[in-house]
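User: Hello! I am new to this structure and would like a close look at its aromatic rings. Could you walk me through them?

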Amino acid sequence: MAKDKRMGLKEKYAVMTRGLDWETSYQPMDDVFPYDKYEGIKILDWDKWADPFRLTMDAYWKYQSEKERKLYAILDAFQQNNGQLNISDARYMNAVKLWLQGITPLEYAAHRGFAHAGRSFRGAAARVACQMQSIDEMRHAQTQLHAFSHYNKFFNGMHGFAHLRDRAWYLSIPKSFFEDAMSAGPFEFVTSISFAFEYVLTNLLFMPFVSGAAYNGDMATTTFGFSAQSDESRHMTLGLEVVKFMLEQHEDNVPIVQAWLDKWFWRGYRLLALVGTMMDYMLPKKVMSWKEAWEIYWEENGIALFNDLSRYGIRLPKHHEVATKEKGRVTHELWSTLYQYGNALGLHTWVPEDEELDWMSEKYGELFDTMYRPRLLHFRAQEETGKRYFNNRLPMVCQVCQIPVFFTEPDDPQTQCVRIVEWADTKHHCCSDGCADIFNREPEKYVQALIPPQQIYRGEAGGARDIFEYAEWLHLVKDVDTGEYHGSPDHLNWEAWKAELPTPQANSDEAA
Ligand code: FE
Ligand code: ZN
């Protein structure tokens with residue numbers, strides 16, 4: 001014991017990740033670790049794996065429990081002080097609903113996925129890194145649920161997120177993304193989640209949500225965001241580490257990794273359409289536009305990262321230039337889709353206010369003024385005459401990313417982009433060349449995808465015969481959880497609560 005006390009962190013880490021590991025003798029190593037070879041990744045020396053954080057288990061628990069104590073102290077204070085009244089506007093809550101329904105289940109899926117990947121690697125240091133991330137991700141799911149549970153007392157649409165995630169057409173976008181990764185091999189899983197998502201694209205996810213929360217007075221989300229940030233830096237490092245490790249171990253790994261980067265860049269980018277739309281449309285106080293975020297976090301940082309990786313023979317991900325061409329349109333295209341299909345959505349949609357439209361004109365220029373502003377104004381005019389527009393059918397969605405095929409041709413924002421792919425006498429629809437490439441590389445995988453709108457039309461969604469019965473099957477109450485924001489209970493409650501509140505002036509008088 002005395003000797004143990006003198007051991008430094010570096011030594012403890014070496015013991016945990018090297019000294020305590022052994023080669024099995026009763027069973028062949030390939031039987032004990034059946035999944036880490038079939039993807040074709042060749043590892044010559046697992047000891048070359050170096051984790052820059054060198055975190056030991058005791059240090060990990062100590063560090064995490066300190067963060068946990070601080071977080072829950074703030075959440076308690078937030079609840080006792082009716083923090084829900086300090087948000088910018090009740091429309092903001094729809095960003096939180098989207099996070100709860102779409103992203104929190106991904107945190108839990110990441111917990112499961114990393115536990116599985118961690119079990120699969122025969123290198124102990126990689127197993128340890130995955131195990132810690134697995135625990136982090138469970139904590140992320142829990143802290144988000146605890147933070148959001150307070151809002152659930154005051155706003156609609158949050159009561160059945162886990163039920164919704166498995167049934168709702170729009171939530172199959174994030175769900176299918178993660179399940180695609182979880183059903184791949186362990187190396188592809190960490191490449192997709194740790195590298196493509198956490199390292200390359202996470203700034204586009206976390207920055208807008210957490211800064212957006214801070215800008216809009218949502219201290220609960222801001223606090224768990226900051227509490228998760230130190231974990232995120234560890235996760236990002238794991239992502240970069242695993243990719244460099246594979247590339248350095250064997251040159252045969254390079255084309256395999258490249259194909260994964262092509263695939264997961266595109267899948268991650270498509271998923272972020274939801275985040276971009278949240279930034280541009282759901283934040284009453286805007287942080288930056290999707291277009292600006294894309295320019296900073298992809299066109300500058302992302303491309304610089306890939307230039308660094310070129311010494312390993314890695315090139316920029318396929319179709320990245322298409323993503324850049326779309327930066328001025330995806331959020332407007334997606335919002336009008338969500339707006340139309342609002343009767344089957346567990347959050348509200350609306351036409352932005354005039355100042356917001358002006359902000360969009362400033363950020364998106366002529367394209368917005370000629371194509372999207374007129375459509376939004378048309379929607380508003382219809383609403384004002386009592387004919388709020390809904391599309392009460394269900395959209396045809398992409399067989400790969402599961403987003404409705406509303407995107408437009410890379411070089412023509414006026415033409416819908418649809419690609420038809422074929423496999424074994426069946427035809428499937430894709431939203432883009434990026435998704436068609438992913439389908440064509442593994443058609444056996446994607447033909448099995450569960451596509452909610454098709455399920456519904458086949459009568460497999462609780463026997464629902466139309467969009468309203470489908471929404472009931474989702475446990476969504478019409479016009480309470482779904483539909484237009486203006487006039488919804490969330491909107492009316494918010495106005496009533498605000499009317500009762502003393503003005504800030506009266507507050508400071510009392511204090512004085
Ligand atoms: Fe997480
Ligand atoms: Zn797609």
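Are Trp335 and Trp350 buried or exposed?

Analyst: Happy to help! Please keep in mind that this is a predicted model. Trp335 and Trp350 are both buried.

Let us start with how such rings are compared. An aromatic pair is described by the distance between the ring centres and the angle between the ring planes. The structure holds 37 aromatic pairs. One of them joins Tyr60 and Trp61: the ring centres are 5.3 Å apart and the planes stand at 75°, so this pair is edge-to-face, since planes over 60 degrees apart count that way. Tyr60 is buried, with a relative accessible area of 1%, whereas Trp61 is partly exposed at 48% relative accessibility.

Now back to the two residues you asked about. The rings of Trp335 and Trp350 have centres 5.1 Å apart and planes at 65°, so they too make an edge-to-face pair. Trp335 belongs to helix H14 (residues 330-340), while Trp350 sits in the loop between H14 and helix H15 (354-384), so their pairing ties together parts that are 15 residues apart in sequence.

Aromatic rings can also be grouped. One aromatic cluster is formed by Phe195, Tyr199, Phe265, Trp266, Tyr269, Trp290, Trp294, Trp298 and Phe306.

Finally, look for charged side chains over rings. Arg270 lies over the face of Phe407, at 3.5 Å from the ring centre. Lys286 is placed over the face of Trp359, at 5.5 Å from the centre of that ring.

Methods. Residues numbered from 1 in each chain as written. Chains lettered and ligands numbered in written order. Predicted model: local features only at pLDDT ≥ 70, side-chain atom pairs only at ≥ 80, totals over all residues. Heavy atoms only, no water. Phe/Tyr/Trp six-rings, centres within 6.5 Å; stacked < 30°, edge-to-face > 60°. Buried < 20%, exposed > 50% of the residue type's maximum accessible area, 1.4 Å probe, protein only. Helix = DSSP H or I, 4+ residues; strand = E, 2+ residues; numbered from the N terminus. Lys NZ or Arg CZ within 6 Å of the ring centre and 35° of its normal.
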